[in-house]
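Visitor: I would like to learn how to read cysteines and packed helices in a model. Could you take me through them slowly?

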Amino acid sequence: MSVLHITKENFVNEVVNSDRPVLVDFWASWCGPCRMVSPLVDEIAAEHPEIKVCKVNVDEQPELAGQFQVMSIPTLMVVKNGQVTQRTVGARPKNQILALVQEG
């Protein structure tokens, strides 16, 4: 599966109403740690079709960042059945990102 780019217009349909666990990456192009996490998130999307992987550019979607009180990036969230079940801030290795989804 490919990574979905989330906006306030498609958030409910793609994230809240998803029938699969959703990994949401809040990021920005100027963020160094975000650039380290981004390829790992892309790999997870390619390797794990059972997980829906989404990215939210905080500069383009400040309303979503505010709604989820994203103060630092990268922020990774796991959403299951419309509810945030896990959340972490900062760069993480791939195995820790996957563990978030599996634990949540």
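Guide: Let us begin with a cut-off, since a disulfide is counted here when a pair of cysteine sulfur atoms lies within 2.5 Å. In general, a disulfide is a covalent bond between the sulfur atoms of two cysteines. Please keep in mind that this is a predicted model.

Visitor: Why does Cys54 form no bond with the closest cysteine sulfur?

Guide: The sulfur of Cys54 is 16 Å from the closest cysteine sulfur, which belongs to Cys34, and that is too far for a bond. Cys54 has 0% relative accessibility, so this residue counts as buried.

Visitor: How many disulfides does the structure hold, and which cysteines form a disulfide?

Guide: There is one disulfide in the structure, formed by Cys31 and Cys34, whose sulfur atoms are 2.4 Å apart. The torsion about the S-S bond of Cys31 and Cys34 is about 80°, and the disulfide is therefore right-handed. Cys31 and Cys34 are both buried.

Visitor: And how should I read a pair of helices?

Guide: Two packed helices are described by the angle between their axes and the distance between the axes. In this model, helix α2 (residues 32-47) packs with helix α4 (residues 94-103) at an angle of about 55°, and their axes are 10 Å apart. That angle makes α2 oblique to α4, and the crossing of the two helices is right-handed.

Visitor: Which residues make the contact?

Guide: From α2 come Val37, Leu40, Glu43, Ile44 and Glu47, while α4 contributes Lys94, Ile97 and Leu98. Sorted by character, the residues of this contact are five nonpolar, three charged and no polar.

How values were computed:
Residues are numbered from 1 along each chain as its sequence is written. This is a predicted model: local features need pLDDT of at least 70, side-chain atom pairs count only at pLDDT 80 or more; totals for chains, interfaces and linings use all residues. Side-chain values use heavy atoms; hydrogens and water are left out. Axes are lines fitted to C-alpha atoms, for helices over the stretch in contact, and angles run from 0 to 180 degrees between N-to-C directions. Helices (H or I, at least four residues) and strands (E, at least two) are DSSP runs, numbered from the N terminus. Angles under 35 degrees count as roughly parallel, over 145 as roughly antiparallel, 65 to 115 as roughly perpendicular and the rest as oblique. A crossing is left-handed if the near helix is turned anticlockwise from the far one by less than a right angle, and right-handed if clockwise. Contact means heavy atoms within 4.5 Å. Ala, Val, Leu, Ile, Met, Phe, Trp, Tyr, Cys and Pro count as nonpolar, Asp, Glu, Lys and Arg as charged, and the others, Gly among them, as polar. Buried means under 20% relative accessible area, exposed over 50%, partly exposed in between (1.4 Å probe, protein chains only).
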